[in-house]
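Dear colleague,

I am passing on the structure we talked about, and below it you will find my notes on what turned up in it. Please read them with the model open beside you.

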Amino acid sequence: MFKGFLRSKPSISIFHHSSSPQSIRTLDLLRSALTSPPPSNPKAGPLEFDLEVVESAPTEDQVTTILSYLPSSPSVSSTFISSHPTSASVRSETESQVTSKTLAELAQTNPSALKWPIVVDWLGGRASVGDLDGVRGILEAILKEQKS
């Protein structure tokens, strides 16, 4: 009877880069989830969550939290730095130097160096970095929680 009082609406943030096709597709997916039923369950109705679109990289504290949400996060560099050829020089120069603190600075000087988008479910403790399938997994988890 009181279970509904304990539930909070999930809070999803997408750290978005408007020139990244992957980021644009992910933002479209998140917005669609708010207005249409998920393809996996058309009778479920739209998902309920708060969506925050952030047009910058996460802060130092946010990076630390995001790393704790990922199943395996060996380092800031391997998690957040893109392996795209345009960021190869950044990756080789900064491989051992990127920290939670320097990631935001790097994103400002060379936005293509990051894996975009970074999507975080703050209340559910889930995150996905540069992975559309990971975002689908977050949405599926929210759907399961909202059905129960």
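Which residue in S2 is the bridge partner of Ser-11? The partner is Asp-50, and I start with this pair because the model, which is a predicted one, can be followed outward from the strands that the pair belongs to. Strand S1 covers residues 11–15 and strand S2 covers residues 50–54, and the two run parallel, joined by five bridges. Between them the chain passes through helix H2, residues 21–35, and the β-α-β crossover made in this way is right-handed.

S1 also pairs with S3, in this case through four bridges and in an antiparallel sense; Ile-14, for example, has Val-119 of S3 as its bridge partner. Strand S1 is mostly covered, with four of its five residues counted as buried.

For the chain as a whole, there are seven helices and four strands, and their order along the sequence is α-β-α-β-α-α-α-α-β-β-α. The chain has 148 residues, of which 40% count as buried, and it exposes about 8,300 Å², with carbon and sulfur atoms supplying 54% of that area. If one takes the contacts between residues at least 6 apart in sequence, 63% of them join residues at least 24 apart.

The residue I would ask you to look at with some care is Asp-121, which lies in strand S3, residues 118–121. Is Asp-121 buried or exposed? Its relative accessible area is 1%, which is under the 20% cut-off, and therefore Asp-121 counts as buried. Its side chain nevertheless has polar partners that can be named: it reaches the backbone nitrogen of Gly-124 at 3.0 Å, and it makes a polar contact with the side chain of Arg-126 at 2.6 Å. When neighbours within four places in sequence are left aside, the residues in contact with Asp-121 are Pro-10, Ser-11, Ile-12, Tyr-69, Arg-126, Ile-138 and Ile-142, so that Ser-11, the residue paired with Asp-50, appears again in this list.

Tyr-69, another of the contacts of Asp-121, leads to the aromatic residues, for which the count comes to one pair. The rings of Tyr-69 and Trp-122 have their centres 6.3 Å apart and their planes at 65°, and because that angle is over 60 degrees the pair is classed as edge-to-face. Tyr-69 belongs to helix H3, residues 60–69, whereas Trp-122 sits in the loop between S3 and strand S4 (126–129), so the pair ties together parts that are 53 residues apart in sequence. Tyr-69 is partly exposed, with a relative accessible area of 22%, and Trp-122 likewise counts as partly exposed at 22% relative accessibility.

A point about the backbone also deserves your attention. Most peptide bonds are trans. The bond from Trp-116 to Pro-117, however, is cis in this model, with omega near -5°, and Pro-117 is found in the loop between helix H6 (100–109) and S3.

Finally, here are two serines in loops, each with a C-alpha separation to a residue elsewhere along the chain. Ser-20 is placed in the loop between S1 and H2 and, at 12% relative accessibility, counts as buried; its C-alpha atom is separated by 10.0 Å from that of Gly-130, although the two residues are 110 apart along the chain. Ser-83 is placed in the loop between helix H4 (76–80) and helix H5 (88–94) and is exposed, with a relative accessible area of 61%; its C-alpha atom and that of Ala-113, 30 residues away along the chain, are separated by 8.0 Å.

With best wishes

Note on methods. Residues are numbered from 1 along each chain as its sequence is written. This is a predicted model: local features need pLDDT of at least 70, side-chain atom pairs count only at pLDDT 80 or more; totals for chains, interfaces and linings use all residues. Side-chain values use heavy atoms; hydrogens and water are left out. Buried means under 20% relative accessible area, exposed over 50%, partly exposed in between (1.4 Å probe, protein chains only). Contact means heavy atoms within 4.5 Å. Accessible areas come from the Shrake-Rupley method with a 1.4 Å probe; for residues, only the protein chains shown count as cover. Two strands pair if DSSP finds at least two bridges between them. A crossover is right-handed if, with the strands pointing away from the viewer, the path from the first strand over the helix to the second runs clockwise. A polar contact is a pair of N or O atoms within 3.5 Å; within protein, one must be able to donate a hydrogen and the other to accept it, and residues adjacent in sequence count only if both atoms are side-chain atoms. Rings of Phe, Tyr and Trp (its six-membered ring) pair if their centres lie within 6.5 Å; planes under 30 degrees apart count as stacked, over 60 as edge-to-face and the rest as tilted.
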